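Here is a small set of exercises to work through with the model open beside you. Try each task on your own before reading its solution.

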Amino acid sequence: MANAKKTAVREMAPMTKARIAQIQKYWTAANFLGAAQLYLKDNPLLDEPLKPEHIKPRLLGHWGTQPGLNFIYAHLNRLIQDTEASILLVVGPGHGAPAILANFYLEGTLGILEPELTFDIDGLGKLMRRFSWPYGAPSHLYPGTPGMIQEGGELGYSLAHAYGAVFDNPGLISACIVGDGEAETGPLATAWHSNKYLDPAGSGAVLPILHLNGYKLGGPSLMGRMTDEELFDLFHGYGYEVSLAGGDDPGQMHRLMWQALDWAYGRIRHIQEVFRSGGGLERPSWPMIILRTPKGWTGPKEIDGLKVEGSFRSHQLPIPDPAGNPDHLRELARWLKSYRPESLFDEQGRPLAATTAICPGADLRMGMNKHANGGGMLAPLKLPPCEDYAVQVGAPGHVQAGATRQLAKCLRDVFRLNREAANFRFFCPDEITSNRMQAIFEATERAFVWPIDAADEHLAAGGRVMEILSEHTCQGWLEGYLLTGRHGLFACYEAFIPIVDSMLNQYAKWLKVAREIPWRRPLASLNYLLTSHVWRQDHNGYTHQVPSFIDNVVNKKSSVSRIYLPPDANCVLAVTDHCLRSRDYVNLIIASKHSAPQWLGMEAAREHCNRGASEWRWAGRGAGDPDVILACAGDIPTEETLAAAWLLAREIPELRYRVVNIVDLFSIMSHRDHPHGLDDESFIGLFGENTPVIFAFHGYPRAVHELIHHRPQPGRFHVHGYIEEGCTTTPFDMLALNKMSRYHLAIDAATRAERLSSLAGDVVDNFQSRLRAHDSYIRENDQDLPEVRRWKWSRLA
């Protein structure tokens, strides 16, 4: 359990006019800097009359959300000064980067990490010029933004990230700003329920701040049009206590926000004190704040006779053409000068002491929160030896075992070994039992803080298994957990993991860019375990037969993506051990939950996984150059390939064939295209240069064709995989429908072995006859043929 010692609560400082004035001055400076970043490439303090040549040639960015973000930031600064709380800011409004950059500049964080952003005219000019400039700062938050764990490119994940960040971080408060546009997304709507999983004794707290400025890009927001009463009822039902601060008068709003934050902080500390003193609450009701402010607050009221402030027109650039329209230029000058920059900065461009008086000191600054650069806090997992859970394999294929069962025993002990560190969690959308991984419950429980009934099993407030029937929330939690320096694994049905395709896209981009930021430290990898996969979804039917996630990972940057298709339980153990030790990757592991033949002992499995692909000499036949190569990637493709080899040895004993198993899918790619790709000599050593290759693949065949594009004569690879055929049927019929059964593989091999083409006819007829017999048998008996169900590998002398 995390170190959840009691948090000393400082007495709150009284609200005074002087402190309110400090907040106002700081907020004004942040608003000025945010607006100026949108427009100016020169003349940063308007020391001379504004001219068209001072305006950027391409105007990009967003204004509407900035004043609200700056308002929240200023008030959080005050709270940190008064309480010394560690606050991690998570910003949902995606294009609020100018506001956040303005705050990081004022508090000094940017100057530490980017020394050219000095506190003078030159530094101010660089801050403004580089925004939305080629190779400068993008219009959304990204890994190069300090203090951030939230990529601003796609909406919906801020709240899940915030909760993931505070799990097992008892001293951390994550202030999560949810925009009213983001609040309309499905992932965000579900993430409100994360409060039911947050243990006040061992974790930190999330303070959601729902910022309602009333509009999205082109029209009103849904929550912006809800009444206060409707919002109170909604969030009370979700389990939150709500404080509302709303209005457009800055003086009044400062007082309301001060009171709301003091109340929320006190409520958080009260809940934590109760739980950390050994008590509890049946339904801990965490605080949240609803902040209503005008969109584009403090900006232009009207432009060209149309309302701007308080409307959708302030969403992006409230003044569209200051360089080309003299009236617009005058309006821009009037707007920027309304902030009176000469009262905020001295003649050299340095912020006045009064401007930054509300900023916290040293590491208390939100831009310098250590949790936002989680790699700097990352401690390696303690992992048990794989050999402790290995399946003892004598003759290949003669022992049956379930890969996920064996892996669950290993993960059970990972939890035990890291109990004190409390830095590992398992995320899964309600599928642990289905995935045969119940052994994990010998070490921990499912996290659940709300009422637990007597009939419930494996639920506890301090549980480390995170089960919610939302793939989005599972991934969001895990990302927040990883980004703040911990470890985890996400297990999911293969058919439903594509729900998070877009989240994978965003996170892979984060990892790619983070590698290029010198101060970002490596993180534990994002590990997927896909079970209940396409080839064993015969009972659930066509909708559950979707192996497309492989294709998504294949298309990610080669520095980030890794795909593993272990053929048996021991290889699953070896691969998972490797993935849990790795850094800054997206690792995809696919393994069936069903009992299956085991092929390799633990030592051989480790060697095979280290190589990525290797010849299984014990399964091949004949000396000299092979007539055909039988290749396979995936547990079921491996079994079918070996069954095909077994059939060919008996039907065409003269046939020479080689069996190659691929566990690391990227090993078949050229080493020029992927760091795991085999070099040319090694690839030719396995697959030859002219030999036909019959390739049984777990996913869609085109993925393999894309990967081998730069290999010698890729047209000789004949790939069998999922071709979108399926229904509710038997396991073997799934293979037959998609032409990846042992009979289809054997037919393909026999017909492509030119040296023995005269022998192929009768053999092909025999195998096709067996396929017809299979079809008739399953329709009559509701199970596969005995020759399929009872088949066991044996080598023909």
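The exercises below look at charged pairs, aromatic rings and one helix in this predicted model.

**Exercise 1. A pair within one helix**

Task: Find out what joins Lys126 and Asp122, and where the two residues lie.

Solution: Start with the distance: the closest N and O atoms of Lys126 and Asp122 are 3.2 Å apart. A salt bridge needs these atoms within 4 Å, so Lys126 and Asp122 form one. Next, look at the sequence: both residues belong to helix 5 (residues 121-130), four residues apart, which means that about one helical turn separates them. Finally, check the surroundings: Lys126 is partly exposed at 34% relative accessible area, and Asp122 is partly exposed at 44%.

**Exercise 2. A pair that spans the sequence**

Task: Work out which parts of the chain the pair Asp168 and Arg464 ties together.

Solution: First, the contact: the side chains of Asp168 and Arg464 meet in a salt bridge of 2.6 Å, N to O. Then place each partner. Asp168 sits in the loop between helix 6 (158-166) and strand 2 (172-179). Arg464 sits in the loop between strand 11 (459-460) and strand 12 (465-467). The parts tied together are therefore 296 residues apart in sequence. As a last step, note that Asp168 and Arg464 are both buried.

**Exercise 3. Another helix, and the total**

Task: Describe the salt bridge of Glu331, then place it among the salt bridges of the structure.

Solution: The partner of Glu331 is Arg334, with 2.8 Å between the closest N and O atoms. Both residues lie in helix 10 (residues 326-337), three residues apart, about one turn of the helix. Glu331 is partly exposed, at 27% relative accessibility. Turning to the structure as a whole, there are 32 salt bridges. Some salt bridges join into a network, which links Arg19, Arg78, Asp82 and Asp262.

**Exercise 4. Rings facing rings**

Task: Are the planes of Phe415 and Phe424 stacked, tilted or edge-to-face?

Solution: Begin with the count, which comes to 31 aromatic pairs. In the pair Phe415 and Phe424, the ring centres are 4.9 Å apart and the planes make an angle of 55 degrees. Planes under 30 degrees apart would be stacked and those over 60 edge-to-face, so this pair is tilted. Phe415 is buried at 4% relative accessibility, and Phe424 is buried at 1%.

Now repeat the reasoning for Phe683 and Phe687: with 4.7 Å centre to centre and 35 degrees between the planes, this aromatic pair is tilted. Both residues lie in helix 18 (residues 680-687), four residues apart, about one turn of the helix. Phe683 is buried at 0% relative accessibility, and Phe687 is buried with a relative accessible area of 0%. Elsewhere, ring pairs link Phe167, Tyr197, Phe448 and Trp477 into a cluster.

**Exercise 5. Charges over rings**

Task: Which ring lies under the charged end of Arg562?

Solution: The ring is that of Tyr585, with the charged end of Arg562 at 4.1 Å from its centre. For a second example, Arg702 lies over the face of Tyr700, at 4.9 Å from the ring centre.

**Exercise 6. Following helix 2**

Task: Compare the span of helix 2 with the expected value, and decide whether the helix is enclosed or open.

Solution: Helix 2 (residues 66-83) has 18 residues. From first C-alpha to last, helix 2 reaches 26 Å, close to the 26 Å expected at 1.5 Å a residue. Of its 18 residues, 17 are buried, so helix 2 is largely enclosed by the rest of the structure. Just after helix 2 comes Glu84, with a positive phi of about 60 degrees.

Methods
Residues are numbered from 1 along each chain as its sequence is written. This is a predicted model: local features need pLDDT of at least 70, side-chain atom pairs count only at pLDDT 80 or more; totals for chains, interfaces and linings use all residues. Side-chain values use heavy atoms; hydrogens and water are left out. Buried means under 20% relative accessible area, exposed over 50%, partly exposed in between (1.4 Å probe, protein chains only). Rings of Phe, Tyr and Trp (its six-membered ring) pair if their centres lie within 6.5 Å; planes under 30 degrees apart count as stacked, over 60 as edge-to-face and the rest as tilted. A charge sits over a ring if NZ of Lys or CZ of Arg is within 6 Å of the ring centre and within 35 degrees of the ring normal. The expected span of a helix is 1.5 Å times one less than its number of residues.
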